[in-house]
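Subject: The two-chain model for you to look at

Hi,

Here is the structure I promised to pass on. Have a look at it first, then read my notes below with it open beside you.

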Amino acid sequence: MMIRLIGLEIKKVFASRMTKILLALALVLSIVMALTVIHYTTWSYTDKQGKEVKITGFKAIEANKERMKPYEGPLTEERIEEVFRINRGDNKEDVEDIYEKGGHPTKMLLASLWQVYQDDEGLPRPLSKIDDRDARNFYGQRDAAVAASIAAKYPHSPEIQEKAIAINEQVEKPFTFVYGYANSDAADYVLLLNILLVMLCSILAAPFFSSDYQTGADDILRCTRNGRTKLACVKIFSALILSTACFTVCMAIFLVIVNTVYGWDSLDASIQFTYSVTVLAPLTAGGVQKLTVAVGFVAFLSMISFILMISSKTRTAVVSMILALVFCLLPSLISSIGSGNIIEWISCLLPAGGVGLTHSFLFELTGTTFLQAGDTGFWSPYVIFIAAAIELPLFLILTVRFYCKHEA
Amino acid sequence: MKLEIKNLKKTYKDKTAVDGVNLEITPGVWGLLGANGAGKTTLMRMVAGILTPTEGEILYDGIPIKEMGEAYRDIFGYLPQTFGFYPEFRVRDYLEYMAALKGLTRKDTARKIEELMEKLTLKEVRNKQIRKLSGGMQRRVGIAQALLNNPEILILDEPTSGLDPGERIRFRNLLSEFAKDRIVVISTHIVPDVEYIATCNILMKDGAIIDIGTTEELVKMVKGKVWEVSLTQEKLGPYEARLKIINVRNEDTGNVRMRYLSDIPVLPGSQSVPPRLEDLYLWLFSGKEEA
């Protein structure tokens with residue numbers, strides 16, 4: 001009976017024009033966003049006539065793959081030394097000149113590797129001041145830079161420093177460099193798509209209960225044998241099935257397009273080539289992609305369950321939709337108007353904490369934020385995941401409870 | 001089969017909507033009459049289990065309906081005053097959805113929907129979106145959903161609003177047939193809807209029951225107080241504001257025939273006429289003072 005009811009509930013939701021529009025929009029967005037990532041991939045070079053040439057899109061990706069091919073694979077310290085040497089040429093002073101002019105295939109690598117070489121004041125050292133010995137000690141330099149930045153951020157918390165170093169120790173070395181996904185904006189777009197899907201599906205889920213309260217349809221429904229708890233569960237399952245289908249299809253379309261164009265093998269690249277070589281996460285680009293999508297999905301469902309709870313409490317569909325959008329944007333709003341431990345805790349604990357514009361699981365995964373509680377600290381991505389995983393069933397239980405207790 | 005309402009009360013912050021109602025409803029059609037704000041809808045919503053009473057209880061065959069839960073809802077049919085439907089849902093899909101909620105099997109669903117579509121003349125619109133139906137048609141869809149599970153208790157709040165006279169007559173006949181061995185409560189202020197089919201009428205005012213009885217018993221309250229008189233159109237004007245006028249109709253002579261309520265004949269030539277339930281309704285619920 002439950003399956004039949006869920007089928008009919010989904011049929012009812014699908015009968016609405018708004019549902020069709022929202023789902024079509026999500027589908028179009030996933031394709032457009034994948035193509036946008038590709039479109040904004042560029043390569044500029046100076047041709048034989050000395051003219052600046054800029055190519056974009058598929059051609060740029062193919063060209064970049066071709067010219068970066070020799071540098072792909074494990075980036076041993078010997079190879080790092082070689083990269084610096086190639087750029088330096090015969091004259092050590094040319095290094096910055098080559099870097100500034102751009103166009104050299106190793107520029108992309110240099111830009112990442114250079115970050116760990118800092119002077120005593122923590123400022124980046126000029127490329128000309130990095131000699132072979134420094135280049136050979138890249139990973140040692142990197143670990144020192146990580147430890148220094150954590151110590152500077154949490155000077156009074158040795159436990160956090162230890163935890164950060166312990167996470168960092170799991171980072172696989174040497175890094176693996178493969179041109180592709182890690183060098184594009186795709187990871188940011190995965191997040192953006194996740195946020196947009198949260199917003200669209202929140203709008204879809206917002207009227208699930210409140211619309212029936214508003215029209216009076218609920219009076220009839222709750223008088224039926226399977227009304228109340230069973231109906232609440234049916235509505236919840238239907239909302240989750242629709243949202244999951246939407247998320248899965250849209251995310252799959254996006255990832256298949258992006259991964260195919262940039263190359264599935266590019267997912268083996270170390271994540272440190274996407275954001276910063278000092279990123280703590282011991283993951284490849286593919287690992288980050290999987291984790292971002294998986295935790296993004298849990299956060300997405302947590303947000304949908306939160307919206308369903310709001311819907312079971314509000315009397316009109318418009319109010320629940322407005323509240324849905326407010327709570328979608330709340331973590332980003334909070335984190336952009338302030339900073340500090342409490343703000344971080346709130347931003348991470350909010351249901352949309354993992355999928356915000358300025359506060360998300362991806363940003364936290366590639367950052368070094370630890371949430372402090374007394375003497376101890378928790379790495380923020382863990383908090384986001386655990387909070388979302390706890391909130392998901394909690395909000396659903398509350399939704400059923402609120403729906404059954406509802407009286408107009 | 002008996003529905004007992006014991007000392008039922010519903011109070012909101014600043015208002016008592018239902019005030020200590022006691023009723024014993026047995027099989028048959030029951031008309032619940034009262035002006036707007038009398039507490040009819042609140043009472044019905046409590047009987048439907050949608051509202052929790054502030055005080056008192058409702059029992060079905062001696063068992064509190066709250067305890068019966070699903071079993072009570074299984075024998076219950078309800079059409080609220082505002083029939084909230086899904087505008088883009090097709091008639092048949094909506095009825096299938098409601099049948100599933102009422103626990104009907106697929107086989108029973110198909111049979112029952114066909115039967116009700118036939119009875120309520122909905123066959124031609126089965127594949128139409130509900131929003132594209134006329135108000136009367138939408139109301140019939142609402143009635144159909146209430147009857148899907150062959151309820152032992154059927155509560156209808158203003159069921160005939162939006163129906164044309166022909167549809168109302170058909171609906172009355174359908175209910176009369178349906179009400180055998182069942183409890184049907186119709187809340188309305190369209191008095192003729194219940195006048196001819198109600199086995200008993202409940203009169204409600206300001207949240208309380210003021211009287212219960214058959215149409216014949218109740219109309220005795222206004223016996224000798226209903227008058228008819230023929231007068232010119234010009235003479236009618238002054239009385240319109242002063243009398244409880246039930247109706248005025250034109251006569252072939254050019255005069256008008258006025259039916260009014262009063263303890264004594266107010267106009268010369270007034271004749272006492274047999275009272276109807278509508279006369280009683282107006283007597284009780286019209287705020288106008290007689291001259």
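**Chain A and its annotated stretches**

According to UniProt, in an unreviewed entry, chain A carries the feature "transmembrane region" at residues 189-210, 231-257, 293-311, 317-335 and 382-404. Those UniProt positions are given in the numbering used here, feature names are shortened, and annotations may be inferred rather than shown by experiment.

Before going on, some ground rules. Residues are numbered from 1 along each chain as its sequence is written, and chains are lettered from A and ligands numbered from 1 in the order in which they are written. This is a predicted model, in which local features need pLDDT of at least 70, side-chain atom pairs count only at pLDDT 80 or more, and totals for chains, interfaces and linings use all residues.

Two of the annotated stretches are easy to check by eye. Residues 317-335 of chain A are 100% helix and 0% strand, with end C-alpha atoms 28 Å apart. Residues 382-404 of chain A are also 100% helix and 0% strand, and there the end C-alpha atoms lie 34 Å apart. Helices (H or I, at least four residues) and strands (E, at least two) are DSSP runs, numbered from the N terminus.

Chain A has 18 helices and 6 strands, and its C-alpha trace spans about 85 × 55 × 35 Å along the principal axes. Of its 408 residues, 45% count as buried. Buried means 20 or more other C-beta atoms within 10 Å of a residue's own, exposed means 12 or fewer, and partly exposed is in between, with C-beta atoms placed from the backbone.

Try finding helix α13 (residues 229-262) of chain A. It has 34 residues and reaches 48 Å from its first C-alpha to its last, close to the 50 Å expected at 1.5 Å a residue; the expected span is 1.5 Å times one less than the number of residues. Right after α13(A) comes Gly263(A), whose phi is positive, near 100°.

**The core and where the chains meet**

Which residues have the most contacts inside the largest nonpolar core? They are Leu197(A), Ala299(A), Phe300(A), Met303(A), Leu308(A) and Tyr94(B), and the core has 198 residues. Its largest share, 16 residues, comes from helix α14 (residues 285-313) of chain A. A nonpolar core here is a set of buried Ala, Val, Leu, Ile, Met, Phe, Trp, Tyr and Cys residues joined through C-beta atoms within 7 Å.

Leaving out residues up to four places away in sequence, Ala299(A) touches residues including Ala352(A), Phe361(A) and Ile384(A). Contact means that the C-beta atoms of two residues, placed from the backbone, lie within 7 Å.

Between the chains, 25 residues of chain B are in contact with 24 residues of chain A. On the chain B side, the elements giving two or more residues are α3 (70-74), β6 (76-79) and α4 (91-101). The largest share of that side, 5 residues, comes from α4(B).

**Inside chain B**

Chain B has 11 helices and 14 strands. Its C-alpha trace spans about 65 × 45 × 35 Å along the principal axes, and 41% of its 291 residues count as buried.

My pick for a sheet to trace has 4 strands: it is open, antiparallel, and ordered β12-β13-β11-β14 (chain B). β12 (244-250) and β14 (271-272) of chain B are at the edges, each with a single partner strand, so one side of each has no neighbour in the sheet. Strands count as paired if DSSP finds at least two bridges between them.

β11 (residues 226-231) and β13 (residues 256-261) of chain B pair over 6 bridges in the antiparallel sense. Across that pairing, Ser230(B) stands opposite Arg257(B), and Trp227(B) stands opposite Tyr260(B). On β14(B), Gln271(B) is the bridge partner of Glu228(B).

Last, is Asn201(B) buried or exposed? Asn201(B) is buried, because 25 other C-beta atoms lie within 10 Å. Asn201(B) sits in strand β9 (residues 200-205) of chain B. Its C-alpha atom is separated by 4.5 Å from that of Gly31(B), though the two are 170 residues apart along the chain.

Happy browsing!
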